Amino acid sequence: MTIFSYTERAGPRTEEGDGLSVPWSRPSPKRKGVSARMISAVTILVVLAAWALSARLQLVSPVFLPSPVAVWNKFIVVIGDGFVDATLLQHTVASLGRVFAALVAAILVGVPVGLAIGTSTVGRGIFDPLLEFLRPIPPLAYLPLVIIWFGIGEPSKILVIAIAMLAPVALSTASGVRSVSQERINAARSLGATRAQVVRHVILPSALPSILTGLRIALGAGWSTLVAAELVAATRGLGFMIQSAAQFLVTDVVIMGILVIAAIAFVLEFTIRRIERALVPWAGRE
Amino acid sequence: MPHLVLDRISIHYDGHPAVERASIDVAGDDFVVLVGRSGCGKTSLLNVAAGLVTPVRGTATINGRPISAPGSDRAVVFQNDALFPWLTARENVAFALRLRGIRPAERARRADELLALVKLADAGDKHIWELSGGMRQRVGLARALAAEPQFLLLDEPLGALDALTRERMQTTLLDLWTASHAGVLMVTHGIEEALVLATRIVVLAPGPGRVVRTFEPDFSRRYAAGEAIRAIKADPAFATARGELTDAIFEGEAA
């Protein structure tokens, strides 16, 4: 996490030359021999090499630890022929569809709830205890209850993911709303803004950076909840694929599935950071 | 003529008196400046006029109507510009017009006129973070004027600027005051600034805040009549007035 944000920040921002990066504030990758990014690359190579070596020497049975090459080959095979009646792409689309449906639901509920917490005592009184109750519960704990209430269909899976996303979205929105500068609000009111206009034109845009951070955290939480949600009577999805593969002891698919989940999480994180920069270019420059 | 009256205002914070029976009167062509040591309640009084603070005693009225909430007839400019960084300079200036549902083309035209008035004709498309402190404060003034207020309430508008920019902004403020036909109520720490700008200076003393003296300098009227600002400041009468005002501000303070 820290390494990622460091390399990400040091990379594209300086290349763009955004007018703020002065030469002496720029971490220059050229001047010193070793950068954090290079060390990270070496670390990954060492882990891969250790994996390949132990597979090669058969330190562990290939049933439990297939070689990196075997996993890669399986990756190609599952892309083309599929695993348990669906190709890798179909599994991925099914999973992403659930996560994004849940994200939309979490935004539709979480942002208004966050606004209510941040702007009114009544809202805070109502929603704060509910969220604080919900936040620390692991999704696996409420999964059985959701199934009892809503069955094993698609809505249950989306609901479980959405519940995991709700608290980060709502709490980030609320903290963004609470940190809006009072001077800005007063300025808008003295220019004739009504209470609703202050929310729409001042509070929401001011809280946008914080809301986007909440979405980023929520996507991470939702993506990790995915496997749990797909344990339940799914016929498609990355979590389902891993779960079925584990039952048949197809370890290469399990490892491949884990790596795909990690890669997608990385891409999601990267994308939403891009979106943040495009939507709130003023963040950190005030 | 528009008339803003604070009549025997008392303000308490957490039960402690901050201002005691202060009266201030601003007519539509006045430039009233509040000066005084820290804790004398200058900003609190300005906030009463703005409708942001409710006094415990006394009445605040605009054109005879009691002030109970902020309104665009009294646009406020704060020390920290309080501009909206998600909008361009032009969109910031047009904010009040947007609130009133005026069409985009029309409000862009009005905003550009006002930007030209504060000598920022080319900065309309700039983002707020690309502007210097002085330019931001000009955008803030233009934004307040876009609401076509009867009164401008300025809370140390030049306080965050460097000395040279401050000096230049003083004449900008006078030009805007003349052009906008709005009465001004301003809070400042600058003694010279008060003398240059004000048609009336109200000196407040702390503990609790109260009005101790009133001056009616004519320097801003002389500037409006065409005299150069440097010549005004070089006038011996200006130095005399500065001495009197300084004495009034520090009167009663243990040396």
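**Two chains, their domains and their shared core**

In this predicted model, the C-alpha centres of domain 1 and domain 2 of chain B sit 25 Å apart. Domain 1 of chain B comes in two stretches, 3–73 and 151–250, while domain 2 of chain B covers 83–148. Where these two domains meet, 12 residues of domain 1 of chain B face 11 residues of domain 2 of chain B. On the domain 1 side of that contact, helix α6 of chain B (residues 163–180) gives the most, with 6 residues. That side of domain 1 of chain B holds 8 nonpolar and 4 polar residues, and no charged ones. As for confidence, chain B has an average pLDDT of 91, and 99% of its residues score at least 70. For the complex, the predictor reports an ipTM of 0.87 and a pTM of 0.79.

Chain B also carries a sheet. It is an open one of 4 strands, laid out in the order β2-β1-β4-β5 with antiparallel pairing. The edge positions go to β2 and β5 (65–66) of chain B; each has a single partner strand, so one side of each has no neighbour in the sheet. At one end of the order, strand β1 (residues 3–13) and strand β2 (residues 16–27) of chain B pair antiparallel through 8 bridges. B:Tyr13 has B:His16 in β2(B) as its bridge partner. The hairpin made by β1(B) and β2(B) leaves 2 residues between the strands, and B:Asp14 there has a positive phi near 50°. At the other end, strand β4 (residues 57–62) of chain B is joined to β5(B) by 2 bridges, again antiparallel. In that pair, B:Thr61 is placed opposite B:Pro66 of β5(B).

Chain A is put together from other elements. It has 12 helices and 0 strands, so reading from the N terminus gives an unbroken run of α elements. Of its 286 residues, 31% count as buried. Among the contacts in chain A between residues at least 6 apart in sequence, 71% link residues that are at least 24 apart. Chain A splits into domain 1 (1–59) and domain 2 (66–279). The contact between them draws 6 residues from domain 1 of chain A and 4 residues from domain 2 of chain A. Helix α3 (residues 36–56) of chain A is the main contributor on the domain 1 side, giving 5 residues. By class, that side of domain 1 of chain A has 4 nonpolar and 2 charged residues, with no polar ones.

The two chains touch through 21 residues of chain B and 15 residues of chain A. On the chain B side, β6 (74–77) and α3 (95–99) of chain B each bring at least two residues. The side of chain B that touches chain A sorts into 15 nonpolar, 4 polar and 2 charged residues.

Beneath the surface, the largest nonpolar core has 141 residues. Residues from both chains are listed among those with the most contacts inside this core: A:Ile161 and A:Met165 from chain A, and B:Val33, B:Leu45, B:Ala49, B:Ala146 and B:Leu185 from chain B. Helix α8 (residues 154–178) of chain A supplies the largest share of the core, 15 residues. Take B:Leu45 as one of the well-connected members: beyond its neighbours within four places in sequence, B:Leu45 is in contact with B:Leu6, B:Ile9, B:Val19, B:Ala22, B:Ile24 and B:Leu34.

Two residues of chain A round out the picture. A:Arg189 belongs to helix α9 (residues 182–190) of chain A. A:Arg189 counts as buried because 22 C-beta neighbours lie inside 10 Å, and the cut-off for buried is 20 or more. Setting aside neighbours within four places in sequence, A:Arg189 is in contact with A:Val198 and with B:Pro70 of the other chain. A:Val202 is 13 residues from A:Arg189 in sequence, and their C-alpha atoms are 10.0 Å apart. A:Ile258 is part of helix α12 (residues 251–279) of chain A. With 14 other C-beta atoms within 10 Å, A:Ile258 is partly exposed. The C-alpha atom of A:Ile258 is 7.6 Å from that of A:Ile242, although 16 residues separate the two along the chain.

Note on methods
Residues are numbered from 1 along each chain as its sequence is written. Chains are lettered from A and ligands numbered from 1 in the order in which they are written. This is a predicted model: local features need pLDDT of at least 70, side-chain atom pairs count only at pLDDT 80 or more; totals for chains, interfaces and linings use all residues. Domain bounds come from an automatic or database domain assignment. Two residues are in contact if their C-beta atoms, placed from the backbone, lie within 7 Å. Ala, Val, Leu, Ile, Met, Phe, Trp, Tyr, Cys and Pro count as nonpolar, Asp, Glu, Lys and Arg as charged, and the others, Gly among them, as polar. Two strands pair if DSSP finds at least two bridges between them. A nonpolar core is a set of buried Ala, Val, Leu, Ile, Met, Phe, Trp, Tyr and Cys residues joined through C-beta atoms within 7 Å. A residue is buried if 20 or more other C-beta atoms lie within 10 Å of its own, exposed if 12 or fewer, and partly exposed in between; C-beta atoms are placed from the backbone. pLDDT is the predictor's confidence in each residue, from 0 to 100.
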